[in-house]
Amino acid sequence: MPGKSSTIVTALTTAALVVVGVLGYQAAASAPDTLTRARSDGRHSTPEKHPAQQGKKHRAPAPAPVPAASGKGQRIVYSLGAKRVWLVTAQNKALRTFTVAPSTVSPPPGSYAVASRSVSVTGSDGIAIEHVVRFASVGGVTVGFSAAVDGSRPDPGTGKKTGGIRESRADGKAMWDFAPTGTKVVVVS
């Protein structure tokens, strides 16, 4: 039995580290770029600028460019390496780009088309998902974009073969509005 209890301790420790990591990431992602100092009257003061920043406007980073090898015309571009999606207009302009959590089963690079859509279903991982846009099948696993209703991301450590490429709910709604059945999907490395 000593081997079994050490396995349990290892699993619990790993789970705790994952939870701490996720919480740390969420805290860092939601923290503002600048902090304001509370005043005694309960209102917030404006943050002091560093002398090097005075006179400079805060600019958001430029959006990631659409991959050059993704073709032309209206399409969805999914980069496996960048874990990013672009919704590209007929004029070859990125309407929206966002990161995704890839599925455990990825389609090979190539051109596909949206084959089917569902407003809401239960994903193969048991999570309620919405705005499902399916475009490929790999080894019997259907691959598509979806958003978890609870905002969760897939757990790649389960070893289960899933085809759900998870996006945020807002990105899922944008994808749904952009991609009726037949819309071109280009997968790049």
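# Exercises on a predicted model

Read along the sequence, the protein chain follows the pattern α-β-β-β-β-β-β-β-β-α-β; helices (H or I, at least four residues) and strands (E, at least two) are DSSP runs, numbered from the N terminus. This is a predicted model, in which local features need pLDDT of at least 70 and side-chain atom pairs count only at pLDDT 80 or more, while totals for chains, interfaces and linings use all residues. Residues are numbered from 1 along each chain as its sequence is written, and side-chain values use heavy atoms, with hydrogens and water left out.

## Exercise 1: The open sheet

Determine the strand order of the open sheet of 5 strands and state which strands stand at its edges.

*Solution.*

Step 1. The order is S3-S2-S1-S9-S4, with mixed pairing; two strands pair if DSSP finds at least two bridges between them.

Step 2. Strand S3 (94-99) and strand S4 (110-113) each have a single partner strand, so one side of each lacks a neighbour in the sheet.

Step 3. S1 and S2 pair in the antiparallel sense over 5 bridges, whereas S1 and S9 pair in the parallel sense over 4 bridges.

Step 4. Ile 76 can be followed to both sides: its bridge partner in S2 is Leu 87, and in S9 it stands opposite Val 185.

Step 5. In the hairpin of S1 and S2, 4 residues lie between the strands, and Lys 83 takes a positive phi near 55°.

## Exercise 2: The burial of S1

Decide whether the residues of S1 are buried or exposed, and examine both faces of the strand.

*Solution.*

Step 1. Buried means under 20% relative accessible area, exposed over 50%, and partly exposed in between (1.4 Å probe, protein chains only).

Step 2. In S1, 5 of the 5 residues are buried, so the strand is largely enclosed by the rest of the structure.

Step 3. In a regular strand the side chains alternate between the two faces of the sheet.

Step 4. On one side of S1 are Arg 75, Val 77 and Ser 79, on the other Ile 76 and Tyr 78, and all are buried.

Step 5. For the protein chain, buried residues make up 29% of the 189 residues.

## Exercise 3: The nonpolar core

Identify the residues of the largest nonpolar core that touch the most other members, and the element that gives the largest share.

*Solution.*

Step 1. A nonpolar core is a set of buried Ala, Val, Leu, Ile, Met, Phe, Trp, Tyr and Cys residues joined through side-chain atoms within 4.5 Å.

Step 2. Of the 20 residues in this core, Ile 76, Val 85, Leu 87, Phe 135, Phe 145 and Met 175 touch the most other members.

Step 3. The largest share, 4 residues, comes from H2.

Step 4. A second, separate core of 5 residues includes Val 77, Trp 86, Val 88 and Val 188.

## Exercise 4: The aromatic pairs

Classify the ring pairs Tyr 78 with Phe 145 and Tyr 112 with Phe 135.

*Solution.*

Step 1. Rings of Phe, Tyr and Trp (its six-membered ring) pair if their centres lie within 6.5 Å; planes under 30 degrees apart count as stacked, over 60 as edge-to-face and the rest as tilted.

Step 2. By this rule there are 3 aromatic pairs.

Step 3. For Tyr 78 and Phe 145 the ring centres are 5.7 Å apart and the planes lie at 80°, so this pair is edge-to-face.

Step 4. Tyr 78 lies in strand S1 and Phe 145 in strand S7, so the pair ties together parts that are 67 residues apart in sequence.

Step 5. For Tyr 112 and Phe 135 the centres are 5.7 Å apart and the planes lie at 70°, so this pair is also edge-to-face.

Step 6. Tyr 112, at 21% relative accessibility, counts as partly exposed, whereas Phe 135, at 4%, counts as buried.

Step 7. Tyr 78, Tyr 112, Phe 135 and Phe 145 form one aromatic cluster.
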